[in-house]
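Visitor: Could you take me on a close look at one part of this protein, the empty spaces inside it, and then show me what sits around them? I'm in my first year, so please keep it relaxed.

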Amino acid sequence: MLITRWTRVRVGVCGAVLACLFIGVAKRAYTLQVRDADRLRGMAEEQYLREIELPPRRGRILDRNGAELASTADVDSIYCNPRQLPDVRDAARRLARALGLDRAELEKKLGQRRYFAWVKRKVTPDEVAAVKTLGLPGIAFAREPRRFYPNRTLAATIMGHAGSEGNGLEGIELALDRQLRGTSTSVQGMRDALGRDIALDVSTDGSADGPPTTAGSDVVLTIDRYLTFITERALAAGAAEHRAKAAIAIVMDPRTGELLAMASVPSYNPNDPQSAADAGARNRAITDAFEPGSTMKTFTITAALDAGVVKADDRFDCLMGRMMVGKYSIHDTHPHGVLTVAEVFKFSSNIGATKIARKLGRDELAEALARFGFGKQTGVGLPGERAGVVRPVAKWGDIGFANVSFGQGLTVTPLQMVAGVSAIAGGGIYRQPRIVARIVQADGTVETLPGAAERRVMSPATARTMLSIMRGVTEQGGTAKQAAIEGYSVGGKTGTAQKVANGHYDASKWVSSFVGVVPAEDPRLAIMVIVDEPQGGHLGGAVAAPIFKEIAEQSLRYLHVPPTAPIAAKGGAKAGAAAAKGGAAPAPVADADDGANEAPATDMPLDEDALGDDPALAEKWDEVAGAEGGRAERAAAERVIVPDFVGLSLGQAIHAARRSGVELAFDDPEGRATGVALRQRPAPGPAPRGVVCRVAFGRKE
């Protein structure tokens, strides 16, 4: 058979076409199988593989004795495939009714026709049962870990809470989120064209392949659950009694710096985190800074004692409750004449504190406040801690110096205050407050968080002297008799400070406080109580001191601390015996805080930066202060000669008093000391060393 030329042409054309097709197919195969293989494989896997993250179990939060404060349990979450719902509107209506959701919002979510949508996460068993009875197609359930707080509001402001994704949002949950969270792993699951899970990559023993999930670490706190309960109960009752805006209490062990309890009112239930915002709950012990008021006198007098510029029995003339400094005045709640340093503290004299600070010096006082930790965070490790405000000493001026000495013109947090007092109770050593005792990892390894080293802020002798002075506050005549505890010696200090509103002190808004230690001989507890804006009374000794007593009494009993002082016989046996002998009972001494109203500490301005160091004002200050701070009477044999001051000018009188060794005081409630000396007492002549001569100045008629 002859093959024609045309046949050969057709065969050649067909062969060329087939060769071109083969080359095209080969090139395409190379592109798909080699060059773009990884990219295409990834695109395919995105369609049929689903990355499933397996979250770790979040670690527990425990109190110092191992009691659970926060734990995690697996609960059901509800999800669905919206494409399988025959009627999205009807399904949204029925689900919203069963789960308490917003129908319109749920309908919008389900109407997007995706393959997966959460309906509601971490639901209750009752909600699961209600949804199952609906019998809706495409609805499924998944187990997820949920954070639970078994004690509800107890220690809530300390712990904070975790979010729906298991991440810490407040408090300890946020501060130690990394340790509590652990490490998660993920596995791959397969799904069909409708998005339904059909397979999970698991090993033969049922566990997911891949790196193992590491459970979160347990965090052990220093707080005691029962002491926290005692503190919160007493604080809530006190706040309710005085209709206060808020209240704060802290219990600290001064021997170690460990926080045993920390409470704030209002509080909230962390199982329902939204209630925190509704109630205005937060850890006010670290987030709120106040002017400390008279509690700051604790550190003013401590610094002066430690510097050696005064002793406990040195005396200062408190000018009957009012001292003028230029055109400004400093007031005391009750008028007092000459007081010792211990009595200045006991009766809470602003004038006495001002004069003691003057002997110490502003630079020395500023340095002492820094040693005690004021003006900087304590480093307790909780989020939201404030540092308070202590202005640079160069901006104090003479008036600012006076304000700081009795607790105005600066702000501190309650935690800073109780930490400072704990340094006195702890023998003069400042210990950084601690709330985390240890972290226990999933494998049992124990980790402790590093803290600041202990530092000495005063001598042991000064600490002992100050504790002795602090005891006078809760004794007869002190400002906090209501803080006294039968069988225990209590040392402390009251504070009553006006709040600032619109740039001025508001006479209707006060902060009442009491900080104390017990037993005073060997303190086991340092307790701070603050009541913000109490109604019907605002004195620290009447508002905050009873709350301190309630907390301290029950805490001492719980800790099995034995009494350190004799317990008085019941029924007034001693009084009856005195009456039988015909002796009259001693008249009660008026408490320094017994007044119905407390005068403002000062009419000085809030911000006196512009005043600076006015030489004229400083000279006037020296004139008002006089030559004070001398020792109390020694032996009766030591005598001095009192000069005749009558007719002398102020400067001449001061010079004569210094030369003769006589302490000079001004018999003028306003402390103006103008004109010449008109009269004096005692009269000129011999007198015991240490005598205070009161001189009245004025113009001759």
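**Pockets, a sheet and some charged pairs**

Guide: Let's start with the second largest pocket, which holds about 270 Å³ of space. Keep in mind as we go that this is a predicted model. If you want to find the pocket on screen, look for Gly379, Val380, Val436, Leu449 and Pro450, since these lie nearest its centre among the 18 residues that line it. Two elements, helix H7 (171–175) and strand S16 (436–440), each give two or more residues to that lining. As for the chemistry of the wall, 11 of the lining residues are nonpolar, six are polar and one is charged.

How do we find such gaps at all? Rolling a probe the size of a water molecule over the atoms shows where empty space is left.

A pocket is open, but there are closed spaces too: the count comes to two cavities of 30 Å³ or more. The second largest cavity has a volume of about 80 Å³. It has 15 lining residues, and Glu291, Pro292, Ser513, Met528 and Ile530 are the ones closest to its centre. Helix H17 (414–425) and the strands S19, S20 and S21 each supply at least two residues of this lining. S19 gives the largest share, three residues. Sorted by class, the cavity wall has nine nonpolar residues, five polar ones and one charged one.

Those three strands bring us to a sheet. Five strands make up an open sheet, in the order S10-S9-S21-S20-S19, with antiparallel pairing. At its edges you'll find strand S10 (259–265) and strand S19 (491–501), each of which pairs on one side only. On average, neighbouring strands here are turned by 10 degrees against each other, if you ignore direction. Now zoom in on strand S20 (residues 504–518) and strand S21 (residues 525–532): they run antiparallel and are joined by eight bridges. Ser513 stands opposite Ile530 in S21, and you've just met both of them close to the centre of the second largest cavity.

Strand S19 also leads us to the charged pairs. Side chains of opposite charge can pair when their charged atoms come close. In this model the count comes to 25 salt bridges. One of them joins Lys499 and Glu533, with 2.9 Å from N to O. Lys499 is in strand S19 while Glu533 is in the loop between S21 and helix H19 (540–543), so the pair ties together parts that are 34 residues apart in sequence. Both Lys499 and Glu533 are buried.

Another salt bridge brings together the side chains of Asp177 and Arg58, at 3.0 Å from N to O. Asp177 sits in helix H8 (residues 177–181) and Arg58 in the loop between strand S1 (49–54) and strand S2 (61–62), so this pair ties together parts 119 residues apart in sequence. Asp177 and Arg58 are both buried.

For a contrast, try Arg431 and Glu454, whose closest N and O atoms are 3.2 Å apart in their salt bridge. Arg431 is in the loop between strand S15 (429–430) and S16, and Glu454 is in the loop between strand S17 (446–447) and strand S18 (455–456), 23 residues apart. Arg431 counts as buried because its relative accessibility is 14%, whereas Glu454 counts as exposed because its value is 52%.

Definitions and conventions
Residues are numbered from 1 along each chain as its sequence is written. This is a predicted model: local features need pLDDT of at least 70, side-chain atom pairs count only at pLDDT 80 or more; totals for chains, interfaces and linings use all residues. Side-chain values use heavy atoms; hydrogens and water are left out. On a 1 Å grid over the protein atoms alone, a cavity is a set of points where a 1.4 Å probe fits but cannot get out, and a pocket is an open set with protein on both sides within 12 Å along at least five of seven lines; lining residues have an atom within 4 Å of a point. Grid points are joined across faces, edges and corners, and a volume is the space filled by probe spheres set on the points. Helices (H or I, at least four residues) and strands (E, at least two) are DSSP runs, numbered from the N terminus. Ala, Val, Leu, Ile, Met, Phe, Trp, Tyr, Cys and Pro count as nonpolar, Asp, Glu, Lys and Arg as charged, and the others, Gly among them, as polar. Two strands pair if DSSP finds at least two bridges between them. Axes are lines fitted to C-alpha atoms, for helices over the stretch in contact, and angles run from 0 to 180 degrees between N-to-C directions. A salt bridge is a side-chain nitrogen of Lys or Arg within 4 Å of a carboxyl oxygen of Asp or Glu. Buried means under 20% relative accessible area, exposed over 50%, partly exposed in between (1.4 Å probe, protein chains only).
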